[in-house]
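Colleague: I'd like a close look at just one part of this model, please. Which residues line the largest pocket? Keep it simple, and then tell me about the helices too.

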Amino acid sequence: MAAAMTKEERMGSAPIGQLMFQLALPAVAAQFINMLYNIVDRIYIGHIPGIGATALTGVGVCSPILMLVSAFAAFAGQGGAPLASIKLGQGDREGAEQILGSSVTMLAVLSVLLTVLFQVGKRPFLYAFGASDASIGYALDYIGIYLWGTVFVQFALGLNTFISAQGQSTVAMLSVLIGAVLNLVLDPLLIFGLGLGVKGAALATIFSQAVSAAWVLRFLTGPKSGLHIRRANLRPSGKVMARIAGLGIAPFIMQSTESLVSITLNSGLQHFGGDLYVGTITILQSVMQMFMLPMQGISQGSQPIISYNFGAKNYRRVRQTARLLLKVCCTFTVLACLVGCFGSRWLARLFTPDADLVRLTALVARIYFAGIWAFGMQMACQCCFMGMGQAKISLFLALLRKVILLVPLAILLPRLTGSVFGIYAAEPIADILASCTAITLFLRKRDQLLPAE
C-alpha cells in the first residue's frame, strides 16, 4: 500500500515531462499490444491460401460488433477511472474504491446483455454491416465464437484503466502483454496448424483475453494495488453509477460511433463498389488503428496526471501537462499523415498478397489519410476534458467528429459526387473540422477550468 501511495503522490510532484513519458511509454506499449489482437488476426486471415481476401472482408464486417463490445468496456472503465483518480487526488481512497466496485458490477451486467443480444441477432446484424453472400459464412464463424468471450473483454479492458489510474502503468501494460503474447502464439497454431481458419483466430482471441482478465482481477484484489475490489462495494449505488455513466458516455460514444462509422462505410462501399472496396476499408481502419496507437497511449498515460492534479487543485501542473500532450499528439498525427499518404502500398501488403486489393487500397489511402495531421488536436483536448471530469464537453466532442460530421458526409458525398471515392473523402473533412472545433473550445474554457494560481 505504501508503494502504491508513493506512485500516486508522484503525480503531484515529479517533473511533468519525465512523469508523462514514464506513464505513457507502458501505456503506448499496452495500446500496441492490445492492437495486435485484431491486427494480427487480420494479417493471418488475409494470408489464408485461396480464401484470404474474402475471409478478410468477412472478419472486417464483424468490426462494428467488436467495437461496440469495447465501447461498453470504456463506458464503465473510462467513466470510472478518472473519477477514481480525482478521489485519490482529494485523499478519498474509500470513495475511489466505491467507484471501482460499481464499475465491476456494470461490466458484469453489460457482458451478459451484449452476449445475448449479438448471439441472437448476429446474422441480420452482419448483413446490415456490409456482409455479402460470399463473406457471411466467414463472418458468422468468427463472431459466433468471439461473443462467448465478451465477459473477458469487458473485464480485461474495463478494469485495466483502474490500474493506470493509480499511476501503475507498467502493471497495466503487463496485463495486456500476457494476453497478446498468447494470441500471437495461438493464432498461427489454430488458424494454420489445426486448420481452423477464422474460427481459430476467434478462439485464440477469447482465450488470450480470458488470461488478461484473470491477471487484472488478481491485481485489483491483491496487496500491491492501491485500489481494491471489495465485496461491499459491488452492491450498486445509483448515485455512483450515475456519475460513472455521466463521464463514461463520452468515451462510449467515441468508441461506439466507430461502430456506426464502420457500418456506414462498409454498407456504402458495398453498395457503390463491392467486396473489394469493403476490403480496402478493413485495411485502412486497421492502419488507422496503428496510427492512433501512440496518441491513445500517451493520452492514457497523461490522464491520471491531469485528473490527480485537477482534484488537488494544482492547476499549473494541469496546464503544463495539457501543453506537452498537445505538442506530442500533433507531432504523431503529422507523421501519420505522411506515412499514410506515401507508404500506403507497403502497408496494404502487410494484410494481403492480393494485387488488386493492394492497388486499390494504395489509391484510396491518399484520400482517407489526408486530414489526419489535424486529429492530434482533438485527441489532446478530448483527453484534457475527460481528465477534468467535463462530461458534457467530452460528449459533444465525441459526437461531433463521427455522428455530426463523418457519418452524414459519408452518406451524402458519394451521392452528390456520383463516385465511391466520396466515401473516403468524408474522413479528412471531418478530421479537420472537428479538430479545429476542439482546440477552440479548449482555449475558451481553459481559464475557467484552470484559473491562474
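Modeller: First, a bit of vocabulary: helices here are DSSP runs of H or I with at least four residues, strands are runs of E with at least two, and both are numbered from the N terminus. What you're looking at is a predicted model, so local features need a pLDDT of at least 70 and side-chain atom pairs count only at pLDDT 80 or more, while totals for chains, interfaces and linings use all residues. Residues are numbered from 1 along each chain as its sequence is written, and side-chain values use heavy atoms, with hydrogens and water left out.

Now, your pocket. The idea of the search is simple: rolling a probe the size of a water molecule over the atoms shows where empty space is left. In detail, a pocket is an open set of points on a 1 Å grid over the protein atoms alone, where a 1.4 Å probe fits and protein lies on both sides within 12 Å along at least five of seven lines; a lining residue has an atom within 4 Å of a point. The largest one holds about 180 Å³ of space, where grid points are joined across faces, edges and corners and the volume is what probe spheres set on them fill.

Its lining is made of Arg 319, Ala 322, Arg 323, Leu 326, Ala 380, Cys 381, Cys 384, Ile 439, Phe 442, Leu 443, Arg 446 and Leu 450. Two or more of these residues come from each of α12 (315-342), α15 (375-387) and α17 (421-449). Sort the lining by type and you get nine nonpolar residues, three charged and no polar ones. In that sorting, Ala, Val, Leu, Ile, Met, Phe, Trp, Tyr, Cys and Pro are nonpolar, Asp, Glu, Lys and Arg are charged, and the others, Gly among them, are polar.

Let's go along α17. Its 29 residues should span 42 Å at 1.5 Å a residue, and that agrees with the 42 Å between its end C-alpha atoms; the expected span is 1.5 Å times one less than the number of residues. Still, α17 has a kink of about 30 degrees centred on Leu 443, and Leu 443 is one of the lining residues. A bend like this is the angle between axes fitted to the seven residues ending at a position and the seven starting there.

Glu 427 is in α17 as well. Is Glu 427 buried or exposed? With a relative accessibility of 3%, Glu 427 is buried, since buried means under 20% relative accessible area, exposed over 50% and partly exposed in between, using a 1.4 Å probe and protein chains only. From C-alpha to C-alpha, Glu 427 and Ile 306 are 30 Å apart, and they are 121 residues apart in sequence.

Over in α15 we find Cys 381, another name from the lining. Cys 381 is buried because its relative accessibility is 2%. Its C-alpha is 8.9 Å from that of Ser 394, 13 residues away along the chain.

So what about the cysteines? A disulfide is a pair of cysteine sulfur atoms within 2.5 Å, and by that rule there are zero. Cys 337, for instance, has its nearest cysteine sulfur in Cys 341, 4.3 Å away. Cys 383 can't pair up either, because the closest cysteine sulfur, in Cys 384, is 5.6 Å off, too far for a bond. Cys 337 is buried at 12% relative accessible area, and Cys 383 is buried too, at 4%.

For another bent helix, try α4 (residues 63-89). Its 27 residues reach 37 Å from first C-alpha to last, close to the 39 Å expected, and α4 bends by about 30 degrees at Ala 74. Mostly covered, α4 has 24 of its 27 residues buried. After α4 comes Gly 91, with a positive phi near 80 degrees. Gly 91 lies 54 Å from Ser 135, C-alpha to C-alpha, with their positions 44 residues apart in sequence. You'll find Ser 135 in the loop between α5 (93-128) and α6 (136-146), buried at 0% relative accessibility.
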